[in-house]
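Q: Could you take me through the ligand site in this one, close up? I'd like to know what surrounds the ligand and where the polar contacts are.

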Amino acid sequence: MTAPRLEIRLDRIGHNARTLVKRLATRGISITGVTKATLGSAEIARELIVAGVVGIGDSRVENIEAMRNAGLSCPMTLLRSPMLSQIDSVVTHADVSFNSELDVIALLSRAARAQHRDHGIVLMVELGDLREGVLPGDLEAVARETLHLPNVTLVGIGTNLGCQSGVSPDQRNMSELSSLATSLESTFGLTFDVVSGGNSANLDWVFDCDDVGRIDNLRLGESILLGREPLRRRPLDGLYGDAVTLVAEVIESKTKPTQAWGEINQTAFGLQPRAEDRGMTTRVILGVGRQDVDPDGLVGPAGMEILGASSDHLVVDAGAARPVVGSEMTFQVDYSALVRAMTSPFVARVFTGGSAMTA
Ligand SMILES: *Cc1c(COP(=O)(O)O)cnc(C)c1O
């Protein structure tokens, strides 16, 4: 089989999604399944829909367009503020977008009018992580302007924490989002469809808190795909951590010294730390590199150690094993390794166990 490749167990992704859908439903929270780490995989999106997510979210309109072209008709949300250069496409392919700039919302309105469509707006609120969002003090004014524009509907508000500064969702910032929702609704006499509290980083807060307030939606990617919460990278109970693995092929396998020799300067990727002298070891090269994956995000088979990587070579100390040329090795991936591998044109994807396939 071709290598390198991602082996994607759709049944395990489905199980993770279904488990989280059930757990959050007890809190009155729905899930938007996030596909941005999968290059907008329609196979995965379909599995998430079957598992009960209420819609799909992605940060790239290109991914949303690809999923639409693959036949997905579910609600689609663009999770990143639209680029002015992509406004028309956003209106065509996404039902809703996350917004924090009035100029963008005004152009969405104009494009929606020209396309005879209505586009949903979720206003993002900055609650301390310092990535996207309108400051709480400006929210009412931005909402008022949005409500005046034709062909756009203010469907709700949301926030995103844990991505730029690692700020944790907690009772204080989540209560603030709830109060902002309540106050906008009473000021303007509306009922929001969605108060979107955040991403996988919100799970600890949800499971620990007594009162989720007005939060009725989370957008989940990493927790579904990797079975982990991202703040401390702890595995989530009852979820698969190995739904996606990377398989690479051995292209050299030799007994060599542990220490390099000769005068030592920088490599293409900077200065390399000097290895401790452990005599002769089995060094294996796999045909995968930084163009395919983030090597720092890989965990190899037990007893093996990743020594380094260049653009096209991954070097591993095989420990007691003696892998032969042409054999394959399976690696666990973290979020960074997953995103890079999913978006590399050199990495194939092999899907197994999909409910759409067995049904
Ligand atoms: C990426 C992203 C998500 C999903 O984050 P995960 O940690 O993968 O669950 C949710 N919301 C926004 C705005 C995002 O950019």
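A: The shell around the ligand is a mix: five charged residues, four polar ones and four nonpolar ones. Keep in mind that this is a predicted model. There are 13 residues around the ligand, and those that come nearest are Lys-36, Ser-200, Arg-219, Gly-221 and Glu-222.

Two of these nearest residues also turn up in the polar contacts. Arg-219 puts a polar side-chain atom 2.9 Å from a nitrogen atom of the ligand. Gly-221 works through its backbone instead, with an N or O atom 2.8 Å from a ligand oxygen. Then there's Arg-131, where an N or O atom of the side chain is 3.0 Å from an oxygen atom of the ligand. As for how wrapped up the ligand is, the protein covers 95% of the 390 Å² of accessible area that the ligand has on its own. The spot it occupies is the second largest pocket.

Now zoom out to the chain, which is split into domain 1, residues 10-234, and domain 2, residues 244-352. Their C-alpha centres are 36 Å apart, and the contact between them takes 14 residues from domain 1 and eleven residues from domain 2. Going by those bounds, Arg-131, Arg-219 and Gly-221, with their polar contacts to the ligand, fall in domain 1.

Methods: Residues numbered from 1 in each chain as written. Predicted model: local features only at pLDDT ≥ 70, side-chain atom pairs only at ≥ 80, totals over all residues. Heavy atoms only, no water. Near = heavy atom within 4 Å. Polar contact = N/O pair within 3.5 Å; in protein donor to acceptor, adjacent residues only side chain to side chain. Areas by Shrake-Rupley, 256 points an atom, 1.4 Å probe, with all protein chains shown as cover. 1 Å grid on protein atoms, 1.4 Å probe; cavity = no way out; pocket = protein on both sides within 12 Å on 5 of 7 lines; lining within 4 Å. Sits in = over half its atoms within 2 Å of the grid points. Nonpolar A, V, L, I, M, F, W, Y, C, P; charged D, E, K, R; others polar. Domains from an automatic or database assignment. Contact = heavy atoms within 4.5 Å.
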